[in-house]
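Student: I am new to this structure and would like to go through it step by step. Could we begin with one loop and work outward?
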Amino acid sequence: MVGIKDVARAAGVSVGTVSNVINRPQTVSSATRDRVRSAIRQLGYVRSESARQLRAGRSRIIALLVLDMANPFFVDVAGGAERAAREAGLGVMLCNSGQSASEEADYLSLFAEQRVRGVLVTPADTTGGNLARFQRYGIPYVSVDRVVPTAEGCSVSVDDVRGGELAARHLLQNGHESIVYVSGPMHLTQCQDRYTGVVNALREAGLREEDALRQVEAGRLDVAAGRDAGARLLGMSPRPSGVFCANDLLALGVLQALYGAGVSVPGEVALVGYDDIEFAAAAAVPLTSVRQPAFRMGRAAADLLIEETGEDAEGHEHQRIVLQPELVVRRSSIPVRT
């Protein structure tokens with residue numbers, strides 16, 4: 001491999017001058033800068049990041065660990081984080097826990113071994129145990145899309161109770177006084193909070209939870225689990241007229257199951273999802289959804305981590321930012337006019 005000494009020899013300057021051109025170009029005359037950069041291009045020199053990290057004692061890599069990279073919501077979160085990182089001259093290493101606490105623990109250990117600058121994580125371990133063990137390495141982290149009450153550090157999330165209220169109120173306002181909530185695993189805080197929001201809206205409307213709300217708990221938050229949940233909905237008696245799903249992938253799976261059984265959406269069943277991923281608007285029946293500002297969430301989380309690991313780290317104070325959701329109404333929940 002071409003080294004910095006090779007560049008210095010080709011440019012006729014010292015190794016220190018090459019280093020200055022790479023790291024502090026303003027300290028070198030324009031003529032010398034041009035000569036060194038020309039040598040770098042001709043030789044194909046690429047500096048060793050690992051060597052630079054050893055000298056500086058700090059990595060330029062942020063790790064982002066999400067629950068499910070197959071979910072477009074997390075793609076948008078990653079996009080926001082990557083934008084903030086690039087503007088700060090940093091890179092992002094993206095990893096997927098697959099909603100597994102054990103895989104999350106393995107990745108956190110890997111991040112510690114690699115001495116990443118910091119970690120953005122959507123926790124799979126809702127007990128906070130993995131993050132508590134990770135803290136001993138002294139690497140800052142920010143929780144994204146989920147707050148673990150026992151965890152220290154910053155967090156950026158969405159008011160999911162409010163989101164559940166928005167979805168349920170919409171269904172109630174359109175005459176659906178019996179709602180089915182299709183959730184993911186109920187150990188997930190988001191699923192719990194969205195359920196709480198539905199209950200709040202029912203009580204606000206003077207309805208009792210035990211009379212007006214049924215639940216189908218899916219094992220995962222994906223389309224296949226949504227299809228299974230849809231099959232269970234079809235077997236319910238009486239069949240629900242209003243369905244709220246904990247995310248859009250579940251809702252799209254439910255929509256497929258209903259469509260396959262010849263059940264009209266929204267004619268017979270009104271359907272609301274959550275996240276407002278790009279596919280929601282492009283579905284066969286455009287999907288009403290509670291929008292989460294995913295890109296803004298990823299960017300805000302990365303900004304907090306960059307601040308905590310930057311030159312002004314001593315003045316950093318941990319923050320818990322809560323963003324607000326928004327209901328986006330489309331055809332899947334609008335009453336059919338006759």
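Tutor: Certainly. Pro266 is found in the loop between helix H12 (248-260) and strand E9 (270-275). Please keep in mind that this is a predicted model.

Student: Is the peptide bond from Val265 to Pro266 cis or trans?
Tutor: The bond from Val265 to Pro266 is cis, and its omega is near 10°. A cis peptide bond also leads from Ser237 to Pro238, with omega near 0°.

Student: And where is the place of Pro238?
Tutor: Pro238 sits in the loop between helix H11 (223-234) and strand E8 (242-245).

Student: Back to strand E9, then. What is the phi of Asp275?
Tutor: Asp275, which lies in strand E9, has a phi near 120°, a positive value in a residue other than glycine.

Student: Is Asp275 buried or exposed?
Tutor: Asp275 counts as buried, because its relative accessibility is 6% and the cut-off for buried is under 20%.

Student: What about Asp145, and where is it found?
Tutor: Asp145 is found in the loop between strand E4 (141-144) and strand E5 (154-158). Its phi is near 70°, again a positive value in a residue other than glycine. With a relative accessible area of 4%, Asp145 is buried.

Student: Let us change topic. How many residues has the largest nonpolar core?
Tutor: The largest nonpolar core has 76 residues, and those with the most contacts inside it are Leu120, Val182 and Leu271. Helix H14 (residues 294-309) gives the most to this core, with 8 residues.

Student: Why does this core lie between domain 2 and domain 3?
Tutor: Domain 2 (59-158 + 294-324) and domain 3 (160-291) both give residues to the core, so it lies between them.

Student: Which residues does Leu271 touch?
Tutor: Leaving aside residues up to four places away in sequence, Leu271 touches Val243, Cys245, Ala251, Val254, Leu255, Val265, Leu287, Thr288, Ser332 and Ser333. Apart from the core of Leu271 lies another core, of 15 residues, among them Ala63, Leu65, Val119 and Tyr141.

Student: Ser333 is on that list. What does Asn174 touch?
Tutor: Asn174 touches Ser333 and Pro335, not counting residues up to four places away in sequence. Asn174 lies in the loop between helix H8 (160-173) and strand E6 (179-183). It is partly exposed, with a relative accessible area of 27%. The C-alpha atoms of Asn174 and Gly242 are separated by 9.2 Å, although these residues are 68 residues apart along the chain.

Student: Now the helices at the start. At what angle do H1 and H2 cross?
Tutor: The axes of helix H1 (residues 4-11) and H2 cross at roughly 105° and come within 8 Å. The two helices are therefore roughly perpendicular to each other. Ile4, Lys5, Val7 and Ala8 of H1 make the contact with Val15, Val18 and Ser19 of H2. By class, the contact of H1 with H2 has 5 nonpolar, 1 polar and 1 charged residues.

Student: And at what angle do H2 and H3 pack?
Tutor: Helix H2 (residues 15-23) and helix H3 (residues 30-43) pack at an angle of about 90°, with their axes 10 Å apart. That makes H2 roughly perpendicular to H3. The contact involves Thr17, Val18, Val21 and Ile22 of H2, together with Thr32, Arg33, Val36, Arg37 and Ile40 of H3.

Student: How do the residues of the contact of H2 with H3 divide?
Tutor: They divide into 5 nonpolar, 2 polar and 2 charged.

Technical notes. Residues are numbered from 1 along each chain as its sequence is written. This is a predicted model: local features need pLDDT of at least 70, side-chain atom pairs count only at pLDDT 80 or more; totals for chains, interfaces and linings use all residues. Side-chain values use heavy atoms; hydrogens and water are left out. Helices (H or I, at least four residues) and strands (E, at least two) are DSSP runs, numbered from the N terminus. Buried means under 20% relative accessible area, exposed over 50%, partly exposed in between (1.4 Å probe, protein chains only). Contact means heavy atoms within 4.5 Å. Axes are lines fitted to C-alpha atoms, for helices over the stretch in contact, and angles run from 0 to 180 degrees between N-to-C directions. Angles under 35 degrees count as roughly parallel, over 145 as roughly antiparallel, 65 to 115 as roughly perpendicular and the rest as oblique. Ala, Val, Leu, Ile, Met, Phe, Trp, Tyr, Cys and Pro count as nonpolar, Asp, Glu, Lys and Arg as charged, and the others, Gly among them, as polar. A nonpolar core is a set of buried Ala, Val, Leu, Ile, Met, Phe, Trp, Tyr and Cys residues joined through side-chain atoms within 4.5 Å. Domain bounds come from an automatic or database domain assignment.
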